[in-house]
Amino acid sequence: MKLVFLGPPGAGKGTQAAVVKEKYSLEHISTGDMLRDHVKRQTALGKEAKAFMDEGKLVPDEVIINMIRSAISGDACSEGFILDGFPRTVPQAEALDVLLEEMGTPLDRVILFEVDDETVVSRLTSRRVCSTCGAIYNIHFDPPPEDGKCRVCGNATIIQRKDDSEEVIRRRLEVYHEQTAPLIEYYASKNLLSRLDGTGPKDAVLALLGRR
Ligand code: AMP
């Protein structure tokens, strides 16, 4: 199964991708996580991407498309994948279409996680993440363990992302509405789009996938 999770930052794409990944043995491909890994390792790509990410802007399409090409053609994706945070622009979506056509495997579904802007701001300012394994916490609803160690990987590496400050979140939302929201029509016109209320339970997407 090949899925795209579309929606604003903080809509629950990463959280629900973790649930779907388990259930269907899919590879979870998050371009944000991949980029953060490059930044952490200080690769050339990471150095190029960092300034864009810190300001809440999009990393240039060519950089992202090259990164995705090798990710989706690897063996780990034999059962399929969930693309989380990609595509984010129309040129990225067009490039994905070309890549999948070359591979002879079209997308099965694009799930749009719908959440209003103020919910996003309140969720992301209270989000904490494990910088080792990417596990997601929320200081109000799912607080990190008191000993500071991640429940998933056991490392004491739970942090607030630099781009989860209110100012940067508002910029990321602007970028979403301008550059990513056009993909809703792009995929609706191909009859691939399903809408999901992003404020529902954290495994709501399973019901949606099972229903088809
Ligand atoms: P995310 O974790 O998905 O919110 O992504 C964090 C940041 O990484 C974004 O604000 C962008 O700067 C960058 N990024 C992630 N995915 C993409 C993409 N598909 N295209 C361009 N920039 C991206």
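A salt bridge is taken here as a side-chain nitrogen of Lys or Arg within 4 Å of a carboxyl oxygen of Asp or Glu. By this criterion, in the predicted model, R109 is buried yet takes part in no salt bridge. The nearest side chain of opposite charge belongs to D108, at 7.8 Å; because the limit is 4 Å, this separation does not qualify. The side chain of R109 is instead joined to that of S194 by a polar contact of 2.5 Å. R109 is found in strand β4, which comprises residues 109-114, while S194 falls within β8 (193-197).

Both of these strands belong to an open sheet of 5 strands, arranged in the order β2-β3-β1-β4-β8 with parallel pairing. The edges of the sheet are occupied by β2 (27-30) and β8 (193-197), each of which has a single partner strand, so one side of each is left without a neighbour in the sheet. On average, neighbouring strands are turned by 20 degrees against each other, direction ignored. In general, the strands of a sheet pair through backbone hydrogen bonds, in either a parallel or an antiparallel sense.

At the β2 edge, 4 bridges connect β2 with strand β3 (residues 81-84), and the two run parallel. Within this pair, E27 has F81 of β3 as its bridge partner. Helix α2, formed by residues 31-41, lies across β2 and β3 and runs at about 65 degrees to β2.

Strand β1 (residues 2-6) stands between β3 and β4 in the sheet order. Of its 5 residues, 5 are buried, so β1 is largely enclosed by the rest of the structure. Burial extends to both faces of the strand: K2, V4 and L6 are buried on one side, and L3 and F5 on the other. Strand β1 pairs with β3 in the parallel sense over 4 bridges, and L3 stands opposite I82 in that strand. The pairing of β1 with β4 is likewise parallel and comprises 4 bridges, with V110 of β4 as the bridge partner of V4.

Several backbone features occur in the loops. As a general background, most residues other than glycine have a negative phi, and most peptide bonds are trans. The peptide bond from F86 to P87 is cis, with omega near -5 degrees; P87 is found in the loop between β3 and α5 (90-103). S25 is a residue other than glycine with a positive phi, near 50 degrees. Its position is in the loop between α1 (13-24) and β2, where S25 is partly exposed, with a relative accessible area of 48%. N191, also not a glycine, has a positive phi of about 65 degrees. This residue is placed in the loop between α8 (182-188) and β8 and is exposed, its relative accessible area being 66%.

A further loop residue, I139, is found between β6 (136-138) and β7 (158-159). I139 is partly exposed, with a relative accessible area of 38%. When residues up to four places away in sequence are not counted, I139 touches S126 and R128. The C-alpha atoms of I139 and T125 are separated by 9.3 Å, the two residues being 14 residues apart along the chain.

Conventions
Residues numbered from 1 in each chain as written. Predicted model: local features only at pLDDT ≥ 70, side-chain atom pairs only at ≥ 80, totals over all residues. Heavy atoms only, no water. Buried < 20%, exposed > 50% of the residue type's maximum accessible area, 1.4 Å probe, protein only. Lys, Arg positive; Asp, Glu negative; His and termini not counted. Polar contact = N/O pair within 3.5 Å; in protein donor to acceptor, adjacent residues only side chain to side chain. Pairing = 2+ DSSP bridges. Axes fitted to C-alpha atoms, helices over the stretch in contact; angles between N-to-C directions. Contact = heavy atoms within 4.5 Å.
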